[in-house]
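This briefing goes through selected features of one protein chain, grouped by topic. The sequence and the model are shown first.

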Amino acid sequence: MHIKFSPSALLVAAAIFFSSCSTPKKPQTAAKKPVVTTKTSPPKAPQKKAETLKLNLPEVNREFRAAWVATVANINWPSRNNLSTEEQKLEALKILDLLKNANFNAVIFQARPSADAMYNSSFEPWSYFLTGQIGKAPTPFYDPLEFWISEAHKRGMELHVWLNPYRAHHTTGGAITSESVVKKMPEQIIKLRNGMYWMDPSDEETQDHVSKVINDLVKRYDIDAVHIDDYFYPYREYNGGKDFPDNRTWNMYQKTGGNLSKADWRRANVNKFIKRIHDEIKAEKSYVQFGISPFGIWKPGFPEGIKGSSQYDELYADAKLWLNEGWLDYFSPQLYWKNDGPQSFPALLNWWESENSKKRHLYPGINTIGMNGVSDRPAEIVSQIHTTRNVLKEAAGTIHYSVDGLSKTPAMLNAVSQAYKTPALVPLTPWIKTKPLEKPLLFVEKNSASATAKWNATDFPDVFQWILYAKYGDVWDTQIIEKNIISQSLPLIKNGKKLSTVAVKSVDRLGNESAYEGKLLN
């Protein structure tokens, strides 16, 4: 049985727990005059320090397991833009429970689909995809992002905020109103031939605005990462195959003596933006990760035999440079293709790994919902999960596009759940330095047929999860447990073996483990 407490109750419980384990003080008495004596007292025997129980605990499985939750065009959540607050919350909980039950440990939530907000922002309006009107808050009022963060963390899952940096209005985003960024930043925003509106990535005001939005999110919300996707300069098809119309800023650059080619100038501005966002996130909260999910192909021919679009030449995104320079904490190229063919999944994954000189996390995006050219999509997805494990070892991970591929296809959900059968912590991120967690406190009470383990930590606010170990015979049972669970009943006999030892560790939000506290059962 698990026992859950609210955070406030946990603090009270911790205080009671600590005090119950201490020796009661004797009542004070009136002070007496010291007695003078010439008799020499015998030396006291040295006090023995409490010995630490030495245990050989098993390693916990590690793998990043995430899914994208798209809000643009109501792709994944909310299913419609006219749901009540309660209906929105119920849909969110259903998604989170599905992922938790399948042993996922992260959610990539689209909080800013098109220069709008799925949260309470002073810089951009409430999203049309949330309430059916740009700038209209949900009623009864709540902050959807805050809700997603809180509920994800309750389930021991990270919440990564996903933003589209430059898209200003989507074709499905309803009528443009005075609340829209399109109206508020007319010089910086360009209408494309497919009806979308796009911010000019090379305009300093665009860069400053997006920077303000991201910094605001990092400051005010308890997020685990900022995540941006593949939309830098728009795909050519969005503008009818025509070049992006940014003559205003290009001419300004030339007038100031700029000598780069137009393509290099565009890439330089995107590069500058990427590094700026990375550095600003780290300056505000060093533990918040920065993730990028670019188009899966850098250039055709890299590696040899790869065909397709070039993000370097079409989107002006030099994602290889960002990975080479380590301007990110994790890199998730969208490898949405099957294992063989001109966009081979394993060939591209191995090539990106060969470019990962700074050894950042490499978590490929996989096409759980719409992979083409395969007869058994669940089997292909599972094989790609295994490929990432073989290539990336203890730092493996994948992000599934999208959660609908799991929620609307029982065969896919079952296949992925089997691949993720053993729960996992996220891979370690050693380049982000954090204060080590204190060793937790553990108390074990033995009853007639079970033992009750209770634990807590003096640095409880810094704990994200727990690892509970129970040894039966020569076999350790290991559980990864949510933060707000601080007690569990353990059977004394399991599979014919006696419970002999219990141990616990705390885990921080980056997956770092504390030292263990262990108890032997008599």
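I493 stands opposite K498 of strand 20, in a model that is predicted. These two residues belong to a pairing in which strand 19 (residues 493-494) and strand 20 run antiparallel, joined by two bridges. The points below begin with strand 20 and its partners, then turn to salt bridges, helix 2, the nonpolar cores and D143.

**Strand 20 and its partners**

- The hairpin of strand 19 and strand 20 has two residues between the strands, and N495 takes a positive phi near 55° in this hairpin.
- Strand 20 also pairs with strand 16 (residues 465-472), in the antiparallel sense and over eight bridges.
- Within strand 20, S506 is the residue that stands opposite W466.
- A further antiparallel pairing, over four bridges, joins strand 20 to strand 21.
- T501 has L520, in strand 21, as its bridge partner.
- How many of the 11 residues of strand 20 are buried? Eight are, so strand 20 is largely enclosed by the rest of the structure.

**Salt bridges around E513**

- The model has 30 salt bridges by the rule applied.
- One of them joins the side chains of E513 and R62, with an N to O distance of 2.9 Å.
- E513 sits in the loop between strand 20 (497-507) and strand 21 (517-520), while R62 sits in the loop between helix 1 (7-20) and strand 2, so this pair ties together parts that are 451 residues apart in sequence.
- E513 also meets K505 in a salt bridge, at 2.8 Å from N to O.
- Is E513 buried or partly exposed? With a relative accessible area of 30%, E513 is partly exposed.
- R62 has a relative accessible area of 14% and is buried; K505, at 13%, is buried too.

**Other salt bridges**

- R266 and D246 form a salt bridge whose closest N and O atoms are 2.8 Å apart.
- This pair links distant parts of the chain, 20 residues apart: R266 is in helix 8 (residues 262-284), and D246 is in the loop between strand 8 (225-228) and helix 7 (247-255).
- R266 and D246 are both buried.
- A network of salt bridges links D97, E151, K154 and R155.

**Helix 2**

- Helix 2 (residues 85-101) has 17 residues, which at 1.5 Å a residue should span 24 Å; the C-alpha atoms at its ends are 24 Å apart, in agreement with that value.
- The buried residues in helix 2 are T85, Q88, A92, I95, L96, L98 and L99.
- These buried residues cover an arc of only 160° around the axis, which puts them on the same side of helix 2.
- Which residues are exposed on the other side of helix 2? They are L90, K94 and N101.
- Among the helices that the buried residues of helix 2 pack against are helix 3 (128-131), helix 4 (144-154), helix 13 (404-407) and helix 14 (410-419).
- The buried residues of helix 2 also pack against strand 2 (64-69) and strand 3 (106-112).
- N103 follows helix 2 and has a positive phi, near 65°.

**Nonpolar cores**

- In soluble globular proteins, nonpolar side chains tend to be buried together.
- The largest nonpolar core in this model has 101 residues.
- Inside this core, the residues with the most contacts are W77, L99, L145, W148, I274 and W322.
- L99 is also one of the buried residues of helix 2.
- Not counting neighbours within four places in sequence, L145 is in contact with F109, A111, M118, Y119, L159, V161, L217 and Y221.
- Another core, of 20 residues, lies apart from the largest core and includes L442, A457, V463 and L521.

**D143**

- D143 is placed in the loop between helix 3 and helix 4.
- The cut-off for a buried residue is under 20% relative accessible area; D143 has 15% relative accessibility and so counts as buried.
- Leaving out residues up to four places away in sequence, D143 touches M118, Y119, N120 and Y221.
- M118, Y119 and Y221 are also among the contacts of L145.
- D143 and T85 are 58 residues apart along the chain, and their C-alpha atoms are separated by 9.8 Å.
- T85 is among the buried residues of helix 2.

Conventions: Residues are numbered from 1 along each chain as its sequence is written. This is a predicted model: local features need pLDDT of at least 70, side-chain atom pairs count only at pLDDT 80 or more; totals for chains, interfaces and linings use all residues. Side-chain values use heavy atoms; hydrogens and water are left out. A nonpolar core is a set of buried Ala, Val, Leu, Ile, Met, Phe, Trp, Tyr and Cys residues joined through side-chain atoms within 4.5 Å. Buried means under 20% relative accessible area, exposed over 50%, partly exposed in between (1.4 Å probe, protein chains only). Contact means heavy atoms within 4.5 Å. The expected span of a helix is 1.5 Å times one less than its number of residues. The arc is that of the directions from the helix axis to the C-beta atoms. A salt bridge is a side-chain nitrogen of Lys or Arg within 4 Å of a carboxyl oxygen of Asp or Glu. Two strands pair if DSSP finds at least two bridges between them.
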